[in-house]
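Trainee: I would like a close look at one part of this model, with enough of the surroundings to place it. Could you walk me through it?

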Amino acid sequence: MLTFFILINGFFVAPDIKEMVSTWDGQWLRPVLLFCAGLVLLPAIQSQYPSISAARYFTLIVLFFWGVVCIHLLDTIWLYWRDGVIHWGETRIVYNRTRMSFQVNMITGFLLAELLARGLLHQRFLRLKTPFLAFMLLCNLICTALVDTRWGTIGLVGSLFSTFVLLSLHSMRRSRVVLTGGILLGIFIASALLGYASWKTDPRWQSLETDAITGWNAPFTSFCYNKTNGTVPRNELGRPMNHSNGCRASFFHQGWKLVAEHPLGMGPRKEAFRYVLRRDTQDNRINIPHSHYGLIEFGIQNGFAGIAGWLILLAGCWYVGWREFRHGNTMVGMFLLLFTIGFFSRTMVDHNLKDHYLEQYLLLTGLLIGMCALRPTKADETLS
């Protein structure tokens, strides 16, 4: 229904129907088709290869995704051997730090859920030995520190606590206070180390508050909107405002303001934020492509009704995951829960409702929902 609403609504509000249909086809229809493919992928494979269980297949997926993290770490070691310095915040394997952060957080969520489930519930799903899972998790944490993305670090800490809360709710009937307390202490220590690493390596934290206050009402002539020759506002300390700190605050302010001014949206369109700003202000010097917030971009394109439809879709996925988590299909249900929560949380701070971000999410979500429809075998959720 959401797919057809986005298209039909676009016919009424889009300034360019051809552009709207092209964007709808590439940015929304393709991910939806991947979601549908994910729903039937495992049953289709099992019809020809019955020995491939859900656990084995999902383990292969995790390993392939983790391969990107592994290659990045090897590349960092090579650069350190060649140059004698650690290249913080640089990526050569993927396009930028944000994409690497998405990759790391997506896999880390599954690894954390698996390891904590083995410790608290004595259940397993991924077909990998615990020491190797711990090694993969360590590599992911190191990669997070190297990539140096603040929002990625916050998302990682959120995954830690979300996983622990879910598993504690599941096993609250069991009296394992010492074990639960020990794991919670370990989570706090890991979170503190991640936070400290981000604080020490990323100087942007030091001026976050003053930059955000300055950037909230930054003019459209500032470098937030005109990256070519825009002015650089100064914060309360008299220093040039940091782009990430101040401009994100400005984009948040102006983005939701645009959603309120255009409640029906303006139809699917890449770089909708820039288009609407240029149209409304009659200033073609604005060259910032997007607002950096996925939910804001979705609202600018599809209005409040579109946002409501997206939230309903996520709520349905969350409900399926919670139902399975509480009624027997624990591991797959938990994976779906955490994946849904994590992706939604990232839409609040990053522009991920597009391209491969959305395609990966809907494909894996469809795959997990398809796995939920299959009853797990006893071997799938026991600790050997």
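Trainee: Which pattern does the chain follow when read along the sequence? After that, please take me closely through Q27 and what lies around it.

Mentor: Happy to. Keep in mind that this is a predicted model. Read along the sequence, the pattern is α-α-α-α-α-α-α-α-α-α-α-α-α, and the chain has 13 helices and zero strands. Of its 384 residues, 52% count as buried. Among contacts between residues at least 6 apart in sequence, 73% join residues at least 24 apart, and Q27 gives us a good example of such a link.

Let us start with Q27 itself. Q27 sits in helix α2, which runs over residues 17–48. Is Q27 buried or exposed? With a relative accessible area of 15%, Q27 falls under the 20% cut-off, so it counts as buried. Beyond its neighbours within four places in sequence, Q27 touches K270, K354, D355 and L358.

D355 deserves a closer look among these partners. Q27 and D355 are 328 residues apart along the chain, yet their C-alpha atoms are separated by 6.1 Å. Their side chains are joined by a polar contact of 2.8 Å. D355 belongs to helix α13, residues 355–373, and has a positive phi, near 50 degrees, although D355 is a residue other than glycine.

A positive phi also turns up at E271, where the value is about 60 degrees and the residue is again not a glycine. E271 lies in the loop between α9 (243–261) and α10 (272–281). Its relative accessibility is 37%, so E271 is classed as partly exposed.

Now to the nonpolar side of the neighbourhood. The largest nonpolar core has 87 residues, and W28 and W310 are among those with the most contacts inside it; F58, F125, I300, F335 and M371 are also in that group. W310 is in contact with W28, and its other partners outside four places in sequence include L2, L295, F298, F343, L353 and Y361. L358 is a contact of W310 and also of Q27, which ties the polar site to the core residues.

L2 leads us to helix α1. L2 is one of the buried residues of α1, along with T3, I6, L7, N9 and G10. These buried residues pack against α2 and α11 (294–326). As for its geometry, α1 (residues 2–13) has 12 residues and should span 16 Å at 1.5 Å a residue, which agrees with the 16 Å between its end C-alpha atoms.

Y361, another contact of W310, takes us on to T340, since T340 also touches Y361, together with L314, C317 and W318. T340 is found in helix α12. With 3% relative accessibility, T340 counts as buried, and its side chain reaches the backbone oxygen of L336 at 2.8 Å. The helix around T340 follows suit: 14 of the 18 residues of α12 are buried, so α12 is largely enclosed by the rest of the structure. Helix α12 (residues 330–347) reaches 26 Å from its first C-alpha to its last, close to the 26 Å expected at 1.5 Å a residue.

For a comparison site, try T91, in the loop between α3 (54–83) and α4 (97–120). T91 has a relative accessible area of 16%, so T91 is buried. Its side chain reaches the backbone oxygen of V94 at 3.5 Å. Leaving aside neighbours within four places in sequence, T91 is in contact with H72, N96, R97, M100 and V147. The C-alpha atoms of T91 and T76 are separated by 8.6 Å, with their positions 15 residues apart along the chain.

Finally, a word on the record. An unreviewed UniProt entry annotates "transmembrane region" over several stretches, including 28–45, 57–81, 101–121 and 328–345. In the model, residues 57–81 are 100% helix and 0% strand, with end C-alpha atoms 36 Å apart. Residues 101–121 are 95% helix and 0% strand, and their end C-alpha atoms lie 29 Å apart. The chain as a whole exposes about 18,200 Å², of which carbon and sulfur atoms supply 66%.

Definitions and conventions
Residues are numbered from 1 along each chain as its sequence is written. This is a predicted model: local features need pLDDT of at least 70, side-chain atom pairs count only at pLDDT 80 or more; totals for chains, interfaces and linings use all residues. Side-chain values use heavy atoms; hydrogens and water are left out. Helices (H or I, at least four residues) and strands (E, at least two) are DSSP runs, numbered from the N terminus. Buried means under 20% relative accessible area, exposed over 50%, partly exposed in between (1.4 Å probe, protein chains only). Contact means heavy atoms within 4.5 Å. A polar contact is a pair of N or O atoms within 3.5 Å; within protein, one must be able to donate a hydrogen and the other to accept it, and residues adjacent in sequence count only if both atoms are side-chain atoms. The expected span of a helix is 1.5 Å times one less than its number of residues. Accessible areas come from the Shrake-Rupley method with a 1.4 Å probe; for residues, only the protein chains shown count as cover. A nonpolar core is a set of buried Ala, Val, Leu, Ile, Met, Phe, Trp, Tyr and Cys residues joined through side-chain atoms within 4.5 Å. UniProt positions are given in the numbering used here, feature names are shortened, and annotations may be inferred rather than shown by experiment.
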